Amino acid sequence: MLDFSHRQVTALLGPTNTGKTHEAIQRMLARESGVIGLPLRLLAREVYDKIVAMRGSQSVALVTGEERIQPPRPQFFVCTVEAMPLNRTFDFVAIDEIQMCADPERGHIFTDRLLNARGRVETLFLGADTIRQRIADLVPETRIERRQRFSTLTYTGARKISRLKPRTAIVAFSVDQVYAIAELIRRQRGGAAVVMGALSPRTRNAQVALYQNGEVDYLVATDAIGMGLNMDVDHVAFAGLSKFDGRRMRRLMPNELAQIAGRAGRYTADGSFGVTADAEPLDAGVAEAIEQHRFSPIKALEWRNSSLSYASIEALISSLEQPPTESGLNRGRESEDLAALRALAQDREIRAITRHPDAVRLLWTACQIPDFRKTSPQEHVSLISRIYRFLRTEGGCIPSDWFAEQLARVDRTEGDIDTLSNRLASIRTWTYVANRPRWLADATRWRERARSIEDRLGDALHKALTQRFVDRRSSDLMRRLKGKERLLAEVNEKGDVTAEGHFLGRLDGFRFTVDETASSEELKTLRSASMSALESEFAKRADKLYLSPDTEIDLTEQGGLMWGTDAIGKLEKGETTLTPRVRVFVDDIAGAGVAEKVERRLTHWLGRRIAQQFEPLIAMREDETVTGLAKGVAFQLIEAMGVLPRREIAEDVRALAQEERGLLRKHGVRFGQHNIFLPALLKPAPTRLRLVLWSLWQGLEEFPEAPPPGHVTVPATVGSAQGFYEMAGYRLCGQRAIRIDMLERLADLLRPMDARAGFEAAPDMLSITGCTLEQFADLMRALGFHAEQGERPKPPPIARPKPTDAPTEATPAETATATPEAVETDPPQEPEVAGEEAPASSAETEPSADGSTAPPSEGADTAESPDEDTRPDPDPAGEEAKPETEVFYTFTYQRRSDSRGRRSGDRAPAKQADNRKQDGHKQDSRKQDGSSKKRRPKPGKGPRKDQDHERKPRKPKPVEKPVDPDSPFAILQQLKKN
């Protein structure tokens with residue numbers, strides 16, 4: 001042992017957070033030169049960066065097994081303990097974490113530095129107080145100084161991971177456990193940074209930066225953080241109390257737990273420690289010892305002979321196995337390098353090329369290549385053997401082609417975390433090799449290339465760790481919310497909501513839907529962020545809705561209230577059919593003020609919409625001149641929203657006086673044979689609104705849709721709610737439903753017919769109903785008529801003259817009699833036939849014998865179409881052609897006793913005639929040839945529809961019939977006459 005008694009040797013001992021490393025740096029920078037040995041490559045890089053920041057990169061060198069940054073003339077060296085340059089002398093030498101002398105794996109390295117590394121002026125040992133006695137015994141000239149912790153460390157017991165406070169470091173002792181805990185924290189708290197000893201400095205620094213910058217509030221690490229890595233940690237939680245030390249699982253000693261727990265608290269900020277996950281609570285005595293920093297002293301240090309013999313492989317092994325000569329030192333267990341040397345000593349080829357001391361020294365240097373890959377001892381020995389053979393047989397260096405091939409295998413950044421970690425471990429091996437002097441022909445180039453690959457892999461691993469264990473959206477939003485920062489939401493045209501660049505969800509109207517891809521753990525964060533970000537957006541939307549025109553709001557057939565494409569409310573049953581309530585779709589996060597504003601706007605819109613669509617009803621209700629029985633009829637009509645079957649109020653209608661009827665007609669009420677209704681309310685818009693309000697009042701779960709606009713008849717729907725067709729403005733007749741205004745016009749056409757003698761359907765009847773002959777027969781049956789089907793020869797078609805320029809007289813079909821005028825003098829109305837083509841007029845169709853109409857064939861009335869004179873002669877053989885037949889129906893009145901199955905409310909024609917007498921109708925007589933007589937009005941008076949007595953028939957007098965505006969045939973006929 002060398003004598004350094006004349007030099008200053010000091011030991012700064014004490015718990016963590018006492019400023020020992022900081023003081024060592026300051027003392028070293030006060031000297032002309034210096035070197036500091038640190039236990040970890042990560043810690044060496046951290047100290048190197050600090051000194052560079054203070055003195056510049058030209059003044060300091062970084063030397064580790066895998067990294068070498070060395071300017072031309074550095075003053076200071078920052079190294080790992082193994083990489084300290086022992087062939088140079090420095091004014092200042094410092095060894096950090098000197099208690100590592102007792103470590104089973106690396107302890108002999110620290111012990112050698114304790115005994116042999118000295119500075120010309122000052123030597124400084126830094127570490128825990130547990131090694132004080134060993135230093136005093138082995139280096140008696142050492143002046144020991146004790147340092148007190150700047151802050152208090154307190155044990156807080158066991159807590160679940162979900163209940164750990166922010167700025168916590170969770171310590172696990174296996175990679176699998178680190179990953180599992182990090183994943184759990186990502187789900188529950190937004191993410192965690194990951195720090196392990198196997199990470200490259202670049203990856204480690206990037207992960208620590210996530211934590212230090214506040215992007216995540218949790219750090220999951222191995223015991224590597226216990227070796228001087230300085231971070232802002234408030235609490236340390238142990239996820240386990242045992243570790244694998246390379247040979248077996250063993251429980252951590254109290255002083256080892258204290259070394260890790262001491263990372264909690266920074267400078268004067270107090271810290272705490274505890275357990276979590278599956279770790280059992282600490283024994284009270286152990287917890288108190290950690291709090292008070294009182295531990296059993298180290299009894300023996302690990303030692304291995306450093307004065308080695310290189311005469312032969314056997315001599316080298318023998319010197320390595322030499323036992324210590326001083327008390328307090330134990331010969332360390334067999335390390336990886338010694339195990340590799342023993343294995344190579346059995347190789348005959350290796351022994352053959354290792355006969356010189358320099359060769360033995362080179363073999364020993366090769367055996368010290370760390371096993372970063374941790375594959376298997378045999379594979380690691382095989383790699384050492386290959387490299388050693390290159391150094392002995394390939395001109396004294398590793399072939400560049402082979403080394404380039406090894407680098408190319410790991411120079412890939414795709415893959416998962418495990419794949420990238422394995423490649424990073426491999427590149428660390430090649431980086432170590434590249435940093436060995438004279439092992440490569442162009443060592444500087446290969447070092448730079450290996451380092452660049454390590455940096456790329458480190459970046460890729462950091463990215464993979466971040467993507468897997470950090471939910472940037474949740475962590476960023478949580479950080480901003482904790483800082484009480486105001487988040488501003490951005491909403492695009494599709495309704496996607498983003499805040500600070502993070503997608504939160506979708507905003508439809510005033511309802512916010514959180515991102516569907518978010519996990520259950522993220523929902524709370526997203527909702528909190530949404531409340532903060534959407535506050536102003538909801539208020540802005542409410543103002544925009546309030547000022548928007550009524551045309552931007554609409555009502556669906558299911559009672560939904562739409563604002564553009566957004567559903568913002570729905571109707572609910574109110575006190576009356578015309579006063580429904582509005583329920584708005586506004587999220588609670590929008591606030592009561594926004595909901596009230598939206599509800600007020602929709603209520604005003606709905607009131608105006610009902611008043612506009614049902615204006616005749618509203619006016620009739622507000623008319624104070626409508627009194628007496630007329631007011632009662634008006635009330636029932638208002639309750640039915642403008643459409644009421646006559647049978648339901650037949651007695652009231654018969655009791656109405658002429659003046660009372662006039663009051664109601666003034667408001668557009670029409671007294672039809674089958675229905676009392678307001679024609680203006682049969683238009684599509686009022687009909688849709690009436691169906692919605694009726695469905696609300698009936699409490700239907702699914703509202704029926706209104707028939708398509710313009711359809712005179714529609715097929716009957718099975719299972720329709722009772723009263724649906726009346727509210728839709730239709731009357732159900734058999735297999736089809738007919739619009740009630742068209743039903744009244746059909747009644748006008750049927751009135752002059754001889755229902756007892758029988759009649760056929762006229763073209764006007766089919767045109768008004770829009771039915772085929774078979775459909776019309778079914779409709780007539782539902783109205784109480786008997787339809788008798790028959791067949792007869794089809795008459796030959798009427799010959800048509802070829803088109804000429806000279807005008808021709810109208811054919812009988814073109815001069816068909818217009819629809820007889822209804823006896824009721826209510827003003828006719830134009831039906832809504834939106835989107836429906838007008839039926840062909842009698843002049844454009846050929847009437848059949850049964851009254852049906854058939855459209856002209858394609859190409860009719862053209863030069864190419866054959867006429868009567870150009871038809872081919874019958875078969876020359878003399879066979880007569882079979883005559884074509886046609887189907888026709890004869891409709892007769894069916895007595896009530898014969899009309900079984902008819903709806904109870906339908907009246908027989910005879911009864912209808914009696915009712916018409918009460919309402920001013922009179923059935924005309926019908927001649928045998930089917931012609932009908934027309935009533936002549938009394939001189940000076942118009943026809944009186946509502947007389948309660950039957951008038952005597954008058955002799956018909958030819959009169960000019962007025963044009964019925966509801967009949968397209970009559971209008972066409974009038975145009976032709978003019």
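**Overall architecture and the surroundings of helix 3**

The protein chain contains 31 helices and 36 strands in this predicted model. Of its 978 residues, 49% are classed as buried. Contacts between residues at least 6 apart in sequence were also examined in the protein chain, and 71% of them join residues at least 24 apart. The exposed surface of the chain amounts to about 48,300 Å², of which carbon and sulfur atoms supply 49%.

Confidence in the model was considered next. The mean pLDDT of the protein chain is 80, and a value of 70 or more is reached by 78% of the residues. Confidence is highest in strand 6, at 97, and lowest in strand 34 (residues 846–847), where the mean is 35. Two stretches with a pLDDT below 50 may be described. Residues 1–5 form one such stretch, with eight contacts in the model beyond near neighbours in sequence. Residues 897–959 also have a pLDDT below 50, and this stretch has 103 contacts beyond near neighbours in sequence.

Helix 3 spans residues 107–116 and is mostly covered, with nine of its ten residues buried. The buried residues run from Gly107, His108 and Ile109 through Phe110, Thr111 and Asp112 to Arg113, Leu114 and Leu115. The cover over these residues includes both strands and a helix. Among the strands are strand 6 (92–95), strand 7 (122–127), strand 17 (301–303) and strand 18 (329–331), while helix 4 (132–138) also contributes. Strand 6, which takes part in this cover, is also the element in which confidence is highest.

Technical notes:
Residues numbered from 1 in each chain as written. Predicted model: local features only at pLDDT ≥ 70, side-chain atom pairs only at ≥ 80, totals over all residues. Heavy atoms only, no water. Helix = DSSP H or I, 4+ residues; strand = E, 2+ residues; numbered from the N terminus. Buried < 20%, exposed > 50% of the residue type's maximum accessible area, 1.4 Å probe, protein only. Contact = heavy atoms within 4.5 Å. Areas by Shrake-Rupley, 256 points an atom, 1.4 Å probe, with all protein chains shown as cover. pLDDT = per-residue confidence, 0-100.
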